[in-house]
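Hi everyone, thanks for coming. I'd like to walk you through one structure today, so have a look at it first and then we'll go through it together.

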Amino acid sequence: MPIIAELLKLTILAGVAIAGILAVLIWKKNLTARVTYLRFWIQITSVITIFYIYSVLNQLLFLLAGVFIMTIFLGRFFCGWFCPFGFYMDLITQVRRVFKRRYRKLPVKINGVLNRLRYGFLVFFLLAPLIFSSTNTWLWPYALTLSGPFRPLLVLLSPLEPLIIPWASPISVSGVNISYPYASDFAFYLGENLELIAIFTFIILTIIASLFVRRFWCRFCPTGISLAVVNRFKGFKWLPFVYLYKVEEKCTKCGICERVCPVQVTEVYEQKGGKINTSMCLNCFRCVEMCPYESCLKVNLAGKTLFKSRNWLEPAKTE
Ligand code: SF4
Ligand code: SF4
Ligand code: SF4
């Protein structure tokens, strides 16, 4: 076990070092087409790092607090670059690409309704346990099951669960404890008889749904919605250091940014230039990578351009 821990540490250090070198290369050379690869690398490193944090940190709520504080400064960068569940869905998208299957876009109206409903989901996940547990009615036994110690906050931690966890899990293969987001919640709510059925149903449903609709669960996820609320809070609007910026004069309304966005954000396309304001954006920067006009979209970090879109329609000129 100490050897595995040391190997993990080395992997994390190597991962962070390589990701850092790539980030500098992108920043220096503006190789925007490499953002997707860089993001994948950071996502892999993040899953390993989170496993390591889970192994050494007893109070995982500190991890959640860290994610919320990060969102104040970087917007939903966590969702785009670090979230393990987001990473699994991105992997499924890659599988779909290998098989050359087209993804489906949710109709704009349905997507809009879902966006509004997500606040209802959040209220349910966060408040229902508290309301039920303070009401002494026939619901009481169910309320106790639903609330549990810190249950609403543990639900928010669920998408962060790495595939292998350092504690007992309902799914164990050759002594390795496997997990999947929300598996521990199913185990908590449903007890031994139903937990495995619920977990496997959820796994199959999210995999199938993600094959058709990119970042499927991100449209319902209570953690992502909470982060979106932090992002929306007007008092913090001036704070996020990382944000998207559009130069209206360079936009030809080609619509590529809207098509490639994994969560169907429309503001980059629709907004008339300037800082892009939307709580839905995951800061994945896929739109910047794919916008085919030089310097039309930019990722700004503390007012400075970190990288920008490039003209990939014309071959690069040789000097
Ligand atoms: S919305 Fe939820 S599942 Fe999606 S990336 Fe954010 S935290 Fe992860
Ligand atoms: S991809 Fe770029 S040029 Fe095309 S609509 Fe979006 S911002 Fe405008
Ligand atoms: S708007 Fe751009 S950066 Fe935001 S989620 Fe969509 S593709 Fe990613």
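**A walk from Gly255 outwards**

Let's start with Gly255, which is buried, since its relative accessible area is 10%, and buried here means under 20%. Before I go on, please keep in mind that this is a predicted model.

So where does Gly255 sit? You'll find Gly255 in the loop that runs between β3 and α11, the helix covering 256–260. Now pick out Cys287 as well. Gly255 and Cys287 are 32 residues apart along the sequence, and their C-alpha atoms are 10.0 Å apart in space.

Those two residues take us to two of the ligands. Gly255 is one of the closest residues to ligand 2, together with Cys251, Cys254, Cys257 and Cys291. In total, 13 residues surround ligand 2. What classes do they fall into? The shell around ligand 2 has 10 nonpolar, 2 polar and 1 charged residues.

Cys287, on the other hand, belongs with ligand 3. There are 13 residues around ligand 3, and the ones that come nearest are Cys261, Cys281, Cys284, Phe285 and Cys287. Split by class, the ligand 3 shell has 11 nonpolar, 1 polar and 1 charged.

Next, the sheet. We've already mentioned β3, so let's see who its neighbours are. The sheet is an open one with 4 strands, in the order β4-β3-β5-β6, and the pairing is antiparallel. At the edges you have β4 (274–275) and β6 (304–308), each of which pairs on one side only.

How many bridges link β3 and β5? Strand β3, residues 242–246, pairs with β5, residues 297–301, over 5 bridges, in the antiparallel sense. If you want a place to look, Val242 stands opposite Leu301 in β5. Towards β4, 2 bridges join the antiparallel strands β3 and β4, and there Tyr245 has Lys275 as its bridge partner.

Is β3 largely enclosed or open? Well, 4 of the 5 residues of β3 are buried, so this strand is largely enclosed by the rest of the structure.

Let's move to ligand 1. Around ligand 1 you'll see Arg76, Cys79, Cys83, Phe85, Met89, Pro159, Arg215, Cys218, Cys221, Thr223 and Gly224. Two elements give two or more residues to this shell, namely α5 (84–98) and α10 (222–232). By class, the shell around ligand 1 comes out as 7 nonpolar, 2 polar and 2 charged.

Helix α5 turns up again in my last stop, on the surface. There's a nonpolar patch of about 900 Å², made by Val95, Val98, Phe99, Leu196, Phe200, Ile204, Ile207, Ile208, Leu211 and Phe212. The elements giving two or more residues to the patch are α5 and α9, which spans 183–212. Which helix gives the most? That's α9, with 7 residues.

Take Leu196 as an example from the patch. Leu196 is in helix α9, and it counts as partly exposed because its relative accessible area is 36%. Compare that with where we began: Gly255 is buried at 10%, while Leu196 is partly exposed at 36%.

That's my tour, so over to you for questions.

Definitions and conventions
Residues numbered from 1 in each chain as written. Chains lettered and ligands numbered in written order. Predicted model: local features only at pLDDT ≥ 70, side-chain atom pairs only at ≥ 80, totals over all residues. Heavy atoms only, no water. Near = heavy atom within 4 Å. Nonpolar A, V, L, I, M, F, W, Y, C, P; charged D, E, K, R; others polar. Patch = residues over 30% accessible without salt bridge, like charges linked within 9 Å, V, L, I, M, F, W, Y side chains within 5 Å. Areas by Shrake-Rupley, 256 points an atom, 1.4 Å probe, with all protein chains shown as cover. Salt bridge = Lys/Arg side-chain N within 4 Å of Asp/Glu carboxyl O. Buried < 20%, exposed > 50% of the residue type's maximum accessible area, 1.4 Å probe, protein only. Pairing = 2+ DSSP bridges.
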